[in-house]
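Work through the exercises below with the sequence and the coordinates at hand. Each task is followed by a solution in steps.

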Amino acid sequence: MGNRRVRGLLLALAVVFLVVAVVAGCAPKTPAPAPTTPAQPPAPPPPPKPKVLTIASGTDIERLDPHLSTASPTFSVLSHIFETLFFMSPTGEVKPELAETFKVEPEGNVYTITLRKGVKFSDGTPFDSHAVKVNLERVLNVENKAAYRSLINTVTDIRIIDSHTIQLVTERPFGPMLSHLSHSGLAIISPKALAEGPDYLARNPVGTGPFVLKEWKQGESVTLAKRADYWRTPAALDEVVFKVVKEDGARLIEVESGTSDIAVRVPPSEVERLQKNPNLVIDRTVGLRTIYVYFNVTKPPFDDVRVRQAFNYAVDKDAIVNHLLLGAARVSDAPIAPAVFGYAQQTAYKRNVEKAKALLQEAGYGSGLKVTFHHPTGRYVQDARIADAIRAQLAEVGVTLELVTMEWPLYLEAIRKPLAENQVSMALLGWGCVTMDADYALYDLFHSAQWAPSFNLGFYKNERVDRLLHDARNTADTTKRLAYYREAQQLLWADAPWLFLHSEVQLTALRKDVKGFMVHPTERLMAHSADK
Amino acid sequence: MLRYLSKSLLFVLPTIIGVSFVIFSAVRLIPGDPAAAIAGEHATPALVAQIRKDMGLDQPLFTQYFRFMAGAVRGDLGRSPRTGLPVSEEILRRLPRTLTLATASLVLATVLGVLAGIVSASRPYSFFDNASMVAALVGVSMPVFWLGLMLMMLFAILIPRWLGLGAPLLPPTGAGSWKHLVMPAVTLAANSMAIIARMTRSSMLEVIRLDYIRTARAKGLAERAVVYRHALKNALIPVITVLGLQFGTLMGGAVLTETVFAWPGLGRLLVDSISYRDYPMVQGVVLVVATGFILANLAVDVIYALIDPRIRYH
């Protein structure tokens, strides 16, 4: 009996080990070395080691279909596979990519675009007018749920003139058209792949770019392989690997140990230490995301411009940038970041406690003011701590802020309620002007046609600003557009519908031997012309 | 034995069905609109409405549940609205990873934990006993991410530097080879090992004081036979209970370890899916983890019966 029990126990242990063995067998194996045979001919010289660039990225891609994607980590990867008609340079200039030239016809609402000849998708399909038309039509069809449909929803007609010339017709002249066409959410997919339907596209990204997808292991890594038949000079790298490493510390160990070549989102507190490492270089790129607190200007106390200005004077933006963000941000001097087309520098509101108090006194809040302040946590760098700093600094001018901290999805839902149900007085938010054209930020955030549930969440309305933003959007004349945006930003700055804070800076750690790698202000990591 | 086994099995199915309904409703209680989370922060209201319709969220709850169960029975857990890929495919890709990590760390934790517990109990308050129980206390209280990062720094940066190696001794993150498994398994095992060691020790100490052990000693049995043949088997019952629970926890609860080491397992998939409000993925993962938990408990019941005949006959 005793023996039988022991046997039972052994059996149980054996089962556990069997499971281990089976499971270990499921894991990918490295092939066993082949047995050596004695009479082998002399081996040919080993082929050169493939050049692989590994990027430790903080976030996995959402999907492989650019039209349905929303976030910059996805576009970082997909922009190596897909290309757009135009390319937005890091300094905000629109350059042709798959397009060769463009012309605005005299009537102002017709854009004639000639396309590059001799370009092929990675499945061999030629790139032509038909390809552009089916792509834009797919994005425009509401049922397809394209995330960036709104970028081109002014397009009413797409005409094929010949195999490599296409015309886009809009309702009215549309100023930001070319910058919008440079957005990765409007990348051009092979028409043959499109015809296969969404299930095929969810697995098979087919574009014209310098790389093709080798493998996507969800939550783990995306591996891209070089295309030898790329229409420009093929990439110097054989493979680019985007490895998902969420934990900040682990990402740094990756790049410090040389396991990865690049690590994104370096915590500002680590910059000083990493700069001492002779093998690393830190790249600082001012991003397009502006962080701000908007006020609900339809309700007291923020219906009074003096209160809004007082808040701007009461908060020390320099202290937030230097102490909470350790310098990894830039104090806002306009509602948009400097790389954005249309940016017009204003004079930042410097901290002035006396002035803030005086303004509050004038507005009738000299004896104090109590306001609730909504903010997300974990969405933007140090968001909750920034909110707390704002609370502490406003306390000095007699304002009591009651913080309401919320998790992101819930937060977005709460702040995007229409006016009648909206309970928010002031809230912290960020906006990345990803098209790098002022229209995408100013029109969406300040025009009165965009009140919540769209993105003018503070219900700001200024007829002059409305007019300027409308005109700037409805002309193709660049000089005029710049003038409109300059005036609009001056008005907004004085009107202070926001508590202007800062733009985030992206910190990226690169191994010294990496060359030609680009961190784009749109947060895209571009290994297109990188080498090591 | 057969009757005992079939009785245990009989409870499994209703439990799984019950669990599935709880999961399904609980997922829908998570605040936040999944369609809005998937559409992205710059989405228009029209886009959000279209996604909601496609996810079937405009249907009554029961319709949604029956659709989910009808699929689940056929092995189809739906499609992730975020990636557009089948949920079951993704879970199947990650399950072996999670099982590998959970099993490796559990084997490590059991072997070392039980050994430490036995040795401690057979020489209570000796130096070894005190040392191993302090170590266990450290193991229980040490934050996983800290231990993970320290191991990583040691094996990927410091030791290679001291030895003048060009490459890390162990790859800091990722999965694929046994080398990738070492650090996450040790990190994950630390906590369970400590719990198992303490459990084994106290359970052994209790059993060793019983009359039958005194009898065994009195009839002149060797100490080794007393401890391993007589005491250990009775002392193991609570340890096995803990083991079963630990295995279930390790299946779904290795989130921190998985995050630190970028180990692509189910725990991280679950957390990521919750933050994106990816309902089908959350449901799928929880269902699989819960089933794993139930099966681990079934295994524990069976092992009880194998070790202790009294359980079998009642």
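**Exercise 1: a sheet in chain A**

Strands S4-S5-S7-S6 of chain A, in that order, make an open sheet of four strands with antiparallel pairing. Helices (H or I, at least four residues) and strands (E, at least two) are DSSP runs numbered from the N terminus, and two strands pair if DSSP finds at least two bridges between them. The model is a predicted one, in which local features need pLDDT of at least 70, side-chain atom pairs count only at pLDDT 80 or more, and totals for chains, interfaces and linings use all residues. Residues are numbered from 1 along each chain as its sequence is written, while chains are lettered from A and ligands numbered from 1 in the order in which they are written.

Task: find the edge strands of this sheet, then describe how S4(A) and S5(A) are joined and what lies across the sheet strands.

Solution.
- Step 1. The edges are S4 (99-104) and S6 (155-162) of chain A, each of which pairs on one side only.
- Step 2. On average, neighbouring strands are turned by 20° against each other, direction ignored. Such angles run from 0 to 180 degrees between N-to-C directions, and axes are lines fitted to C-alpha atoms, for helices over the stretch in contact.
- Step 3. S4(A) pairs with S5(A) (residues 110-115) in the antiparallel sense over five bridges. A:Ala99 has A:Leu115 as its bridge partner in S5(A), and A:Lys103 stands opposite A:Thr112.
- Step 4. The two strands form a hairpin with five residues between them, and A:Gly108 in the turn has a positive phi of about 90°.
- Step 5. Helix H3(A) (residues 129-140) lies across S5, S6 and S7 (165-170) of chain A and runs at about 170° to S6(A).

**Exercise 2: two helix pairs**

Task: give the angle and handedness of the pairs H14(A)/H15(A) and H5(B)/H8(B), and state which residue classes make each contact.

Solution.
- Step 1. H14(A) (residues 438-446) and H15(A) (residues 463-473) pack at about 145°, with axes 10 Å apart.
- Step 2. Their crossing is left-handed. A crossing is left-handed if the near helix is turned anticlockwise from the far one by less than a right angle, and right-handed if clockwise.
- Step 3. H14(A) contributes A:Asp439, A:Leu442, A:Tyr443 and A:Phe446, and H15(A) contributes A:Val465, A:Leu469, A:Ala472 and A:Arg473. Two residues are in contact if their C-beta atoms, placed from the backbone, lie within 7 Å.
- Step 4. By class there are six nonpolar, no polar and two charged residues. Ala, Val, Leu, Ile, Met, Phe, Trp, Tyr, Cys and Pro count as nonpolar, Asp, Glu, Lys and Arg as charged, and the others, Gly among them, as polar.
- Step 5. In chain B, the axes of H5 (residues 87-122) and H8 (residues 178-208) come within 6 Å and cross at roughly 35°. This crossing is right-handed.
- Step 6. The contact of H5(B) with H8(B) has 22 nonpolar, eight polar and one charged residues.

**Exercise 3: chain B and a covered helix**

Task: summarise chain B, then say which residues of H12(B) are buried.

Solution.
- Step 1. Chain B has 14 helices and zero strands. Its C-alpha atoms fill a box of roughly 80 × 65 × 30 Å along the principal axes.
- Step 2. Of its 314 residues, 44% count as buried, that is, with 20 or more other C-beta atoms within 10 Å of their own C-beta, placed from the backbone (exposed: 12 or fewer; partly exposed: in between).
- Step 3. H12(B) (residues 266-275) is mostly covered, with seven of its 10 residues buried. These are B:Leu266, B:Gly267, B:Arg268, B:Leu269, B:Leu270, B:Asp272 and B:Ser273.
- Step 4. After H12(B) comes B:Arg277, with a positive phi near 55°.

**Exercise 4: the interface and its confidence**

Task: describe the side of chain A that touches chain B, and check the pLDDT of chain A.

Solution.
- Step 1. 46 residues of chain A are in contact with 52 residues of chain B.
- Step 2. H1 (2-26), S10 (239-244), H7 (248-256) and H13 (408-415) of chain A each supply at least two residues of the side that touches chain B. The largest share, 10 residues, comes from H1(A).
- Step 3. This side of chain A divides into 23 nonpolar, nine polar and 14 charged residues.
- Step 4. Chain A has a mean pLDDT of 88, and 92% of its residues reach 70 or more. pLDDT is the predictor's confidence in each residue, from 0 to 100.
- Step 5. Over residues 1-38 of chain A pLDDT stays under 50, and the model has 23 contacts beyond four places in sequence for them. Where pLDDT is low, the predicted coordinates should not be read in detail.
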